[in-house]
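Here's a quick tour of one protein chain, starting with the fold and ending with its charged side chains. Have the viewer open while you read.

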Amino acid sequence: RQQVVFGSFNHVPKLTDSTVMLWSQILRRVPDSRLRLKAAPFADPGIQERYRRLFVEQGIATDRLAFEGPSEFPELMAAYRHIDIGHDPAPYNGGTTTYQALWMGVPVVTLAGDNFCSRMGASILQNLGHEAMVTETPEAYIDAAVALANDAPRRAALRTELRETILSAQSCNAERFTRNLEDKLRAVWRDWCRQRTTG
């Protein structure tokens, strides 16, 4: 089968030791896969070496890892053509990075936590109707990523569908979002006025 490339363009501080352990388990379950990491700090050979060492300690050979430093925005977005599945770091999820990956047709699997920072991925994916890519345990996260790696037709379909899914999502309907926000603000104002007159 075609070699699957996992990837993350999230900022390096989000790539904690626990995230490396999680992603390493996925790489071990998909033995012919690779991992591509892109972020500004990876321009530093020392940072690259640190992460190579972390993955090697988890049993991942260095020839399965690729590191890339910063680039201009058009090149950044074009780099998603090298990625088949996006890794969302945990416990600090991606936000803008997740949207960028999805916009370029790269499905993202997320592990939802119990606070805002660890539920950004879940919020984005659920809003787009992709609850299947939202997981609640490390084991489920690994299983979902492995299942997607083994399902080339599904990945191909997502590659062509995700951008349209984003465009049709409620969160991208600026007029509807604005009207809903206006309604909420009016309701808050009415409640305040009511409390002032009855108090």
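What follows covers the overall layout, then the salt bridges, then one contact in a helix.

Keep in mind that this is a predicted model. The protein chain carries eight helices and six strands. Walk along the sequence and you get β-α-β-α-β-α-β-α-β-α-β-α-α-α. Lined up on the principal axes, the C-alpha atoms take up a box of roughly 70 × 35 × 35 Å.

How much of the chain is buried? Of its 199 residues, 43% are. Take the contacts between residues at least 6 apart in sequence: 74% of them join residues at least 24 apart. As for the outside, the accessible surface is about 10,800 Å², with 54% of that belonging to carbon and sulfur atoms.

Now for the charges. The protein chain has 24 positive and 23 negative side chains, and 3 Å separates the centres of the two sets. Side chains of opposite charge can pair when their charged atoms come close. Searching the whole structure turns up eight salt bridges, including the three in this table.

| Salt bridge | N to O distance | Relative accessibility |
|---|---|---|
| Arg50 and Asp17 | 3.9 Å | Arg50 35%, Asp17 44% |
| Arg52 and Glu49 | 3.9 Å | Arg52 24%, Glu49 42% |
| Arg186 and Asp183 | 3.5 Å | Arg186 42%, Asp183 44% |

Where do the partners of the Arg50 and Asp17 salt bridge sit? The Arg50–Asp17 salt bridge links distant parts of the chain, with Arg50 in helix H2 (residues 45-57) and Asp17 in helix H1 (residues 17-29), 33 residues apart.

The Arg52–Glu49 pair stays within helix H2: the two residues are three apart, so about one helical turn separates them. Arg52 counts as partly exposed, and so does Glu49.

Helix H8 has a pair of its own, with Arg186 and Asp183 three residues apart, about one turn of the helix. Arg186 is partly exposed, and Asp183 is partly exposed too. Elsewhere, Arg36, Lys38 and Glu68 are joined into one network by salt bridges that share partners.

One more stop in helix H8, which spans residues 174-198 and includes Thr197. Is Thr197 buried or exposed? Its relative accessibility is 67%, and the cut-off for exposed is over 50%, so Thr197 counts as exposed. What does the side chain of Thr197 reach? The side chain of Thr197 comes to 3.0 Å from the backbone oxygen of Arg194.

Definitions and conventions: Residues are numbered from 1 along each chain as its sequence is written. This is a predicted model: local features need pLDDT of at least 70, side-chain atom pairs count only at pLDDT 80 or more; totals for chains, interfaces and linings use all residues. Side-chain values use heavy atoms; hydrogens and water are left out. Helices (H or I, at least four residues) and strands (E, at least two) are DSSP runs, numbered from the N terminus. Buried means under 20% relative accessible area, exposed over 50%, partly exposed in between (1.4 Å probe, protein chains only). Contact means heavy atoms within 4.5 Å. Accessible areas come from the Shrake-Rupley method with a 1.4 Å probe; for residues, only the protein chains shown count as cover. Lys and Arg count as positive and Asp and Glu as negative; His and the chain ends are not counted. The place of a charge is taken as NZ of Lys, CZ of Arg, CG of Asp or CD of Glu. A polar contact is a pair of N or O atoms within 3.5 Å; within protein, one must be able to donate a hydrogen and the other to accept it, and residues adjacent in sequence count only if both atoms are side-chain atoms. A salt bridge is a side-chain nitrogen of Lys or Arg within 4 Å of a carboxyl oxygen of Asp or Glu.
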